[in-house]
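Let's walk through this structure together, with an eye on its charged pairs and one of its pockets. Have the 3D view open as you read.

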Amino acid sequence: MRRVKRGGFPGGVRLVAALCCLALAACARVGELPGGEPDREPPHLISVVPPDSTTSIRLQPAFELLFDEPLSSAAARRAVHITPNVRTEVKAAGRRLHIQVLEALPPDTLVVVTITKQLQDAPQRDNKITREIVLTYSTGPKLRGAALFGRVFIKGKTDKRAAVVWEPVQRDTTHTARPVVGPVAGVDAEGLFRLGGIPPLVPFRLRAFLDANDNLRADESELAAVWPDTFRLALGEVRRGLALDVTDPKEPATLVGVAVNSTRLRGSLAVALRRLMPALDDSALADTTRSDPRRGNTRPIARRDTSAWAPAYARLDPRHVPRGAWQLVYASPRGDYSVRVAPGRVALVAFVDVQRDSLPGVYARADSSGFDWEPLVLGDTLDVLPGAKLRPRALDVR
């Protein structure tokens, strides 16, 4: 029988124990487990050197921002804006964003460093910051600036992609190397913005736009609108309560209304619209070039001036509506109608289309003894704004 030393173990037992220790060591090793929760948090700013609101900075300063996670270098280069517009060198190394100004800033000047919402963490995570970072400095002993507070709507609704930018009224035409870039700010989820760092005593306008690509620039392809007022703020002045709704000037409006056939004639009730030229009155409805719909008729036609609808026809002056000049829609059996129309001044008419030819004019009477005039009524002349929703007065054809 094989003898075993006291306090020892057989070789096989020692081998099993060694393998177990190695397995336990492997399990205890700290590391990232595959299949864990993905990173959905954007980078958060921890510190800035020099701190925000620092005065008397150098004319060619350097700024260093520290975040809580590594940054995307390409996104960082696109995200940095500085006012006044000067050449810069932008580098992202790990969690640090370094900005070096390469040319001298003017003395005693307000400097605004803006990091747009294009900034994001390392590639393959793609978590952009939710709001731009705005830092204000001065090359002089004081922060000399003004501010605006307000709200922006896009087509009547808040949109967190909206932004506002400061634009001087009279641009400096002596230096054409680079366009003037002014303070710019995005909005929050409620459409509210704070635009600081505005140069005092400089006339300017405020442009609001839909910043679809998060670069804080009003690109030509982006929806934009300018405040109707020109601003000029004093040193340290804060203006509040601004509001602007940005709409597409070519966006069609929606007309929703009711048309009623109160006559004894049967026929589809049609509503027709015609866009009028600016500065023209209802006489623009007239069209003397129309062909005569009675041409070739052998049956008698009632005189138009004896018709119950003669006043409406006299103002409209059609023997019929020329095809292509009017936009036509038929009301439902209940009289409801809805139509999209381009912005501008619009004339509105309704008629009973007895002849079923989509044109107001003469129709053959039921007894076939002759022709009479279809019932016609003129509605309001409407000033249609882009994207508006209008409900004209009911059109009652009697």
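**Charged pairs and a pocket**

E237 has a relative accessible area of 25%, so E237 counts as partly exposed; buried means under 20% relative accessible area, exposed over 50%, and partly exposed in between, with a 1.4 Å probe and protein chains only. Before going on, please note that this is a predicted model, in which local features need pLDDT of at least 70 and side-chain atom pairs count only at pLDDT 80 or more, while totals for chains, interfaces and linings use all residues. Residues are numbered from 1 along each chain as its sequence is written, and side-chain values use heavy atoms, leaving out hydrogens and water.

What does the side chain of E237 meet in a salt bridge? The partner is R239, at 3.4 Å from N to O; a salt bridge here is a side-chain nitrogen of Lys or Arg within 4 Å of a carboxyl oxygen of Asp or Glu. R239 is also partly exposed, at 29% relative accessibility.

Now turn to R303 and D305, whose side chains form a salt bridge at 2.7 Å, N to O. R303 is exposed, with 55% relative accessibility, and D305 is exposed as well, at 53%. Elsewhere, salt bridges with shared partners link E167, R205 and R207 into one network.

Within that network, E167 and R207 meet through their side chains at 2.8 Å, N to O. E167 sits in strand β9 (residues 162-168) and R207 in strand β12 (residues 204-210), so this pair ties together parts that are 40 residues apart in sequence. Strands (E, at least two residues) and helices (H or I, at least four) are DSSP runs numbered from the N terminus. Both E167 and R207 are buried. Across the whole structure, the search finds 13 salt bridges.

Let's move on to empty space. The second largest pocket holds about 330 Å³. A pocket is an open set of points on a 1 Å grid over the protein atoms alone, where a 1.4 Å probe fits, with protein on both sides within 12 Å along at least five of seven lines; lining residues have an atom within 4 Å of a point. The volume is the space filled by probe spheres set on the points, which are joined across faces, edges and corners.

Of the 22 residues lining this pocket, V134, T136, R194, G196 and G197 lie nearest its centre. Strand β11 (192-198) is one of the strands supplying at least two lining residues, and β11 gives the largest share, four residues.
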